[in-house]
Structure formats: structure tokens, C-alpha cells
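Here are some exercises to work through with the structure in view. Try each task yourself before you read the solution below it.

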Amino acid sequence: MRTSRLRTVHPVLWAGWAALAAGAVLCVVGWYGVSGERFAERQLPYLASCTVPGAALIVSGAVLLAHGRGSIAAARVEELYGLLVAAEPADEDETGQAALAPLAVSGELLMVPGGTLWHRADCPLVAGKAEAVPVDSELVASGELGPCPICEPAEETD
């Protein structure tokens, strides 16, 4: 999926660079022609035929480059989204919708100092972190910490 999208983006980037280069060349040719003429009426043809189209090509090249880079970013986001939704659902209930099971099932509750959530001990967000400390039941009851949306810890504490 990624390579097919990126193959369509690369020509846009190449076209942007080519437009920028052609615009720069036209501006240089126009400047060179204008610099060799003393009278304004002899400078106008160089401005009309080289400098103005060169500036237009530079602007269009910049737009193509911005569009191409935005398309690359969009392709990457699309690829990540595809990876997220490609995961198989755990199981389906009688309505046909996947039942979402919590990622962690441990009964011990932890928190990270300075954090705003409390987690199960085997939650991927705190598992293996040395700074994670046990949650005080008074702190949970006070409402200062909220339950983690990933591991969905039960609100009952020891």
C-alpha cells in the first residue's frame, strides 16, 4: 500500500523541483538580458519573456513541493491507520460487534509520579517502568487520578 501511494507522489516532487530549476534559470536569463540593456523599452521583452514566467514557475514549483510533501505525510498516516484497523478483533458477541477486552488483567494498581492516570500493573504504559509506584486508594477516591483508557482498571481498590 505504501509503495503504490508513494510512486504517485514522487512525480509531483520531481515536477516541483523541475519547475523551481526552470524558473531559476529563466530568472537568471532575464536578469542577464535586462542588465545588458540601457533603456527600459529594451528591457521589457526580457521581463515579459523570462523573468515573469520564471517567477511563476518558482511559485508553482514551491506549491508542487508543498503538495507532494503533504501527500507523503498523508500516505504515512493512511498506512498507520491501515495497520491499526487491520488487527483482528478478539471475539464477537451475538450482535456481531467485536467485544473489546482490556489489554491488562492484573489486580495491582500503579501510577507514574506526576501522571494523571492509574493503571493495572501489566498495562503496557507502565509495565517495566521503575518509576511506577502503587496507587493509594485515597488518591483514587479523591478523583485526582482517572482510570487508564488502555487497560481499563476496575474502580474497586484494595
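**Exercise 1. Place Ala19 and look at its surroundings.**

Task: Where does Ala19 sit in the chain, and is Ala19 buried or exposed?

Solution, step by step:

- Start with the element. Ala19 belongs to helix H1, which runs over residues 2–35. Keep in mind that you're looking at a predicted model.
- Next, check the surface. The relative accessibility of Ala19 is 11%. The cut-off for buried is under 20%, so Ala19 counts as buried.
- Now find what lies around Ala19. Setting aside neighbours within four places in sequence, Ala19 has contacts with Leu57, Ile58, Ser60 and Gly61.
- Finally, pick a distance. Ala19 and Ala56 are 37 residues apart along the chain, yet 9.1 Å separates their C-alpha atoms.

**Exercise 2. Compare a record with the model.**

Task: Which residues does the UniProt annotation "transmembrane region" cover, and how much helix does the chain have over residues 12–34 and over residues 46–66?

Solution, step by step:

- Read the record. The UniProt entry, which is unreviewed, gives "transmembrane region" for residues 12–34 and 46–66.
- Take residues 12–34. Here the chain is 100% helix and 0% strand, with 32 Å between the end C-alpha atoms.
- Then take residues 46–66. This stretch is also 100% helix and 0% strand, and its end C-alpha atoms lie 29 Å apart.

**Exercise 3. Find the salt bridge.**

Task: How many salt bridges does a search of the whole structure find, and which side chains meet?

Solution, step by step:

- Count: the search turns up one salt bridge.
- Identify the partners: the side chains of Arg42 and Glu37 meet, at 3.7 Å from N to O.
- Check how open each partner is. Arg42 counts as exposed because its relative accessibility is 51%, and the cut-off for exposed is over 50%. Glu37, at 23%, counts as partly exposed.

**Exercise 4. Rebuild the sheet.**

Task: In what order do the four strands of the open sheet come, and which are the edge strands?

Solution, step by step:

- Get the overview. The protein chain has three helices and six strands, and along the sequence they follow the pattern α-α-β-β-β-β-β-α-β.
- Lay out the sheet. Its order is E5-E3-E4-E6, and the pairing is mixed. The edges are E5 (133–134) and E6 (146–147), each of which pairs on one side only.
- Take E3 with E4. E3 covers residues 109–111 and pairs with E4 in the antiparallel sense over three bridges. One bridge partner to spot is Trp118 in E4, which goes with Met111.
- Look at the hairpin of E3 and E4. Five residues come between the strands, and Gly114 takes a positive phi near 90°.
- Move on to E4 with E6. These two pair in the parallel sense, over two bridges. Leu117 has Gly146 in E6 as its bridge partner, while Trp118 stands opposite Pro147 in E6.

**Exercise 5. Step from the sheet to the core.**

Task: Is His119 buried or exposed, and which residues make up the largest nonpolar core?

Solution, step by step:

- Locate His119 in strand E4, residues 117–120. With a relative accessible area of 6%, His119 is buried.
- List what touches His119. Beyond four places in sequence, its contacts include Leu110, Val126, Cys148 and Cys151.
- Compare with Pro149, found in the segment after E6. Pro149 counts as exposed, at 59% relative accessibility. In sequence, Pro149 and His119 are 30 residues apart; from C-alpha to C-alpha they are 8.9 Å apart.
- Collect the core. Leu110, Ala121, Cys123, Val126, Ala132, Cys148 and Cys151 are the seven residues of the largest nonpolar core. A second, separate core has six residues, among them Leu109, Trp118, Val140 and Leu145.
- Zoom in on Leu110. Outside its neighbours up to four places away, Leu110 touches residues including Ala121, Val126 and Ala132.

**Exercise 6. Step back to the whole chain.**

Task: What share of the residues counts as buried, and what share of the exposed area comes from carbon and sulfur atoms?

Solution, step by step:

- The protein chain has 158 residues, and 22% of them count as buried.
- The chain exposes about 10900 Å², with carbon and sulfur atoms supplying 63% of that.
- For contacts between residues at least 6 apart in sequence, 59% join residues at least 24 apart.

Conventions:
Residues numbered from 1 in each chain as written. Predicted model: local features only at pLDDT ≥ 70, side-chain atom pairs only at ≥ 80, totals over all residues. Heavy atoms only, no water. Core = buried A, V, L, I, M, F, W, Y, C linked by side-chain atoms within 4.5 Å. Buried < 20%, exposed > 50% of the residue type's maximum accessible area, 1.4 Å probe, protein only. Contact = heavy atoms within 4.5 Å. Areas by Shrake-Rupley, 256 points an atom, 1.4 Å probe, with all protein chains shown as cover. UniProt positions renumbered as here; feature names shortened; annotations may be inferred. Pairing = 2+ DSSP bridges. Salt bridge = Lys/Arg side-chain N within 4 Å of Asp/Glu carboxyl O.
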